[in-house]
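Open the structure in your viewer and keep the selection box handy. This tour goes from stop to stop, saying what to pick and what you will find there.

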Amino acid sequence: MKVVLVVPDGVGIRNFLYTRFLDLLAAEAEVVAWHVLPEHVLATQEGRAVRFEPLPYVREGLAARVFRQAKIYSQLHWRYEEDAAEVMLRFRRPSGGALARTVGHAAHLLGRLAPTPEGAAWLDRSHASSVSGGVGNGDLAPFEGFLRREKPDAVFCTHQRASRAVPALLAARRLGIPTATFIYSWDNLPKGRMAVHADHFLVWSDAMRSELLLYYPEIDPGRVHVVGTPQFEPHLDPRLAVPRDEFLGGLGLDPARPVVCFSGDDEMTSPFDPAYLSDLASLSDPPQILFRRAPTDVSGRYSEVLARFPEIAVCDPAWRAGEGDWTQVAPLPEDLGLLANVARHCDAVVNLGSTMGLDFALFDKPAVYVAYNPPGCGDWDVMDLYRLPHFRCVHRLQPVLWARSAGDLGGQVRRALSNPAEKSEARGRWLREVVAFPPDRASERCAGAVMEMAR
């Protein structure tokens with residue numbers, strides 16, 4: 001058996017190259033990684049039972065670009081009332097240069113003209129046709145040539161968002177090779193149609209399976225596989241655990257005192273994170289603070305706050321940017337243990353609605369979600385984020401504490417630290433709804449689903 005693993009950017013590396021997935025798959029089949037990985041990531045893979053081959057680059061044509069964005073708008077207008085899609089439409093307002101804005105406006109108009117399941121499916125087919133060469137400048141020849149030489153039994157893409165992966169999966173489907181993709185994050189499906197459309201889909205949970213079938217009623221339910229997500233496996237790996245004294249002491253923190261992690265979001269999602277960090281550090285009798293920025297946030301926007309509060313310990317993600325665009329930003333293997341020990345040894349986490357709440361829930365640790373607008377935020381509204389569909393289960397289960405104002409933040413942090421078990425039952429229900437259990441067996445389930453498809 002042979003499986004081609006499509007790795008179109010740095011996003012899927014953590015789940016599928018740095019976990020047990022690749023070794024489990026390689027034990028059952030010959031594995032070829034078709035990739036755009038930077039050299040520093042390839043260097044970490046020496047000695048693995050996998051062959052790495054570069055993924056060809058084909059510039060996305062204007063027609064393909066318009067159709068790819070149009071199908072996102074189509075789904076948002078189709079699910080408008082149910083999914084608070086007006087918020088996501090604001091996030092997706094056309095921006096950038098003249099060409100980017102023109103493409104965005106054309107895509108939005110096309111999507112508004114097809115706000116139905118049938119319209120979204122038609123735009124999916126039109127996007128595939130434009131990439132394949134039926135419209136625009138698409139060209140599948142180098143992808144089909146590679147697949148004809150390799151003759152794989154299956155092609156698996158590490159996530160569904162990357163346009164770089166579209167020609168590879170279309171070529172495989174044209175040649176009759178089974179394809180699959182992984183839904184990368186718990187918030188991806190409501191935000192619009194996926195770029196990559198495959199024969200099979202690997203999802204986090206039964207809830208995500210239902211969500212996928214809601215947005216894609218044309219998909220055969222038998223082709224949706226509940227596998228969990230490998231991203232949480234390192235948290236439960238005892239080989240990566242570092243003693244509390246060693247980990248916190250190495251960051252200049254007192255292991256005998258509580259530590260609160262402030263985890264940053266990306267700049268677009270939470271542009272006022274520095275203000276929230278400042279509010280946390282300005283509390284009367286503030287806790288010890290460990291700050292971890294979002295891995296892809298390479299801005300200097302926290303510099304002023306960190307200069308004012310030098311007592312904040314900084315634990316930056318072990319990610320590195322390669323040459324080229326943001327797709328070359330990728331984690332190093334050591335970040336798995338780094339994040340696992342942040343969640344293991346910090347006593348609570350504060351942020352704006354990120355998945356770090358789930359990371360901490362794995363250790364039954366409390367999370368405080370900030371839910372107030374800082375001064376000077378203009379028409380930006382923090383509650384827009386919490387109106388997005390993936391937060392419905394959070395509002396229903398209430399597994400986190402909410403800081404509704406800067407004045408409320410201190411009380412909620414003290415509440416989390418003084419009574420960490422308060423939300424324990426709700427955190428457990430949240431985890432089990434979002435992630436398939438046991439979470440440390442996700443790699444086995446992913447590899448098993450890919451091999452079942454290949455056979």
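Two residues are in contact here when heavy atoms of theirs lie within 4.5 Å. Keep in mind along the way that this is a predicted model.

**Stop 1: T179**

Start by selecting T179, which sits in strand 5 (residues 179–182). Which residues does T179 touch, leaving aside those up to four places away in sequence? Show V155, L169, A172, R173, A198, D199, H200 and M453 as sticks, and you have the list. With a relative accessibility of 0%, T179 counts as buried, because the cut-off for buried is under 20%.

**Stop 2: helix 8 and helix 9**

A172, one of the residues touched by T179, also takes part in a helix contact, made with helix 9 (residues 166–174). Select that helix together with helix 8 (residues 141–150). Their axes come within 9 Å and cross at roughly 55°, so helix 8 and helix 9 are oblique to each other. The crossing of this pair is right-handed.

Now bring up the side chains. Helix 8 contributes F143, E144 and L147 to the contact, while helix 9 contributes P167, A168, A171, A172 and R174. Sorted by class, the residues of this contact are 6 nonpolar and 2 charged, with no polar ones.

**Stop 3: V224**

Next, select V224 in strand 7 (residues 224–226). Is V224 buried or exposed? Its relative accessibility is 7%, so V224 counts as buried. Beyond the residues up to four places away in sequence, V224 touches F201, V203, R209, L212, L213 and I219.

For a link back to the first stop, pick D199, which is among the residues that T179 touches. A distance drawn from the C-alpha of D199 to that of V224 should read 9.0 Å, for two residues 25 apart in sequence.

**Stop 4: helix 4 and helix 6**

Clear the selection and choose helix 4 (residues 62–78) and helix 6 (residues 98–112). The two axes come within 7 Å and cross at roughly 45°. That angle is why helix 4 is called oblique to helix 6. Helix 4 passes helix 6 in a right-handed crossing.

Colour the contact residues to see where the helices meet. On helix 4 these are L62, R65, V66, F67, Q69, A70, Y73, S74 and H77. On helix 6 they are L99, A100, V103, G104, A106, A107, H108, L110, G111 and R112. How many residues of each class does this contact have? The contact of helix 4 with helix 6 has 11 nonpolar, 6 polar and 2 charged residues.

**Stop 5: helix 12 and helix 18**

Helix 12 (residues 273–281) comes next, and it is mostly covered, with 7 of its 9 residues buried. To see the buried ones, select D273, P274, Y276, L277, S278, L280 and A281.

Add helix 18 (residues 406–418), whose axis comes within 9 Å of that of helix 12 and crosses it at roughly 60°. That makes helix 12 oblique to helix 18, and the crossing is right-handed. Y276, D279 and L280 of helix 12 meet A406, L409 and V413 of helix 18. The residues of this contact divide into 5 nonpolar and 1 charged, with no polar ones.

**Stop 6: F309**

Keep helix 12 on screen and select F309, found in the loop between helix 13 (303–308) and strand 10 (313–314). F309 touches S278, A281 and S282, not counting residues up to four places away in sequence. S278 and A281 are among the buried residues of helix 12. F309 is buried too, with a relative accessible area of 11%. Draw a C-alpha to C-alpha distance from F309 to C157 and it should read 43 Å, across 152 residues of sequence.

**Stop 7: the cysteines**

How many disulfides does the structure hold? The count is 0. Select C315 to see one case: the nearest cysteine sulfur, that of C346, is 8.0 Å away. C315 is buried, at a relative accessible area of 4%. Then try C446, which is in no disulfide either and has the sulfur of C157 as its nearest cysteine sulfur, 13 Å away. At 0% relative accessibility, C446 also counts as buried.

Technical notes: Residues numbered from 1 in each chain as written. Predicted model: local features only at pLDDT ≥ 70, side-chain atom pairs only at ≥ 80, totals over all residues. Heavy atoms only, no water. Helix = DSSP H or I, 4+ residues; strand = E, 2+ residues; numbered from the N terminus. Buried < 20%, exposed > 50% of the residue type's maximum accessible area, 1.4 Å probe, protein only. Disulfide = S-S within 2.5 Å. Axes fitted to C-alpha atoms, helices over the stretch in contact; angles between N-to-C directions. Parallel < 35°, antiparallel > 145°, perpendicular 65-115°, else oblique. Left-handed = near helix turned anticlockwise from the far one by under 90°. Nonpolar A, V, L, I, M, F, W, Y, C, P; charged D, E, K, R; others polar.
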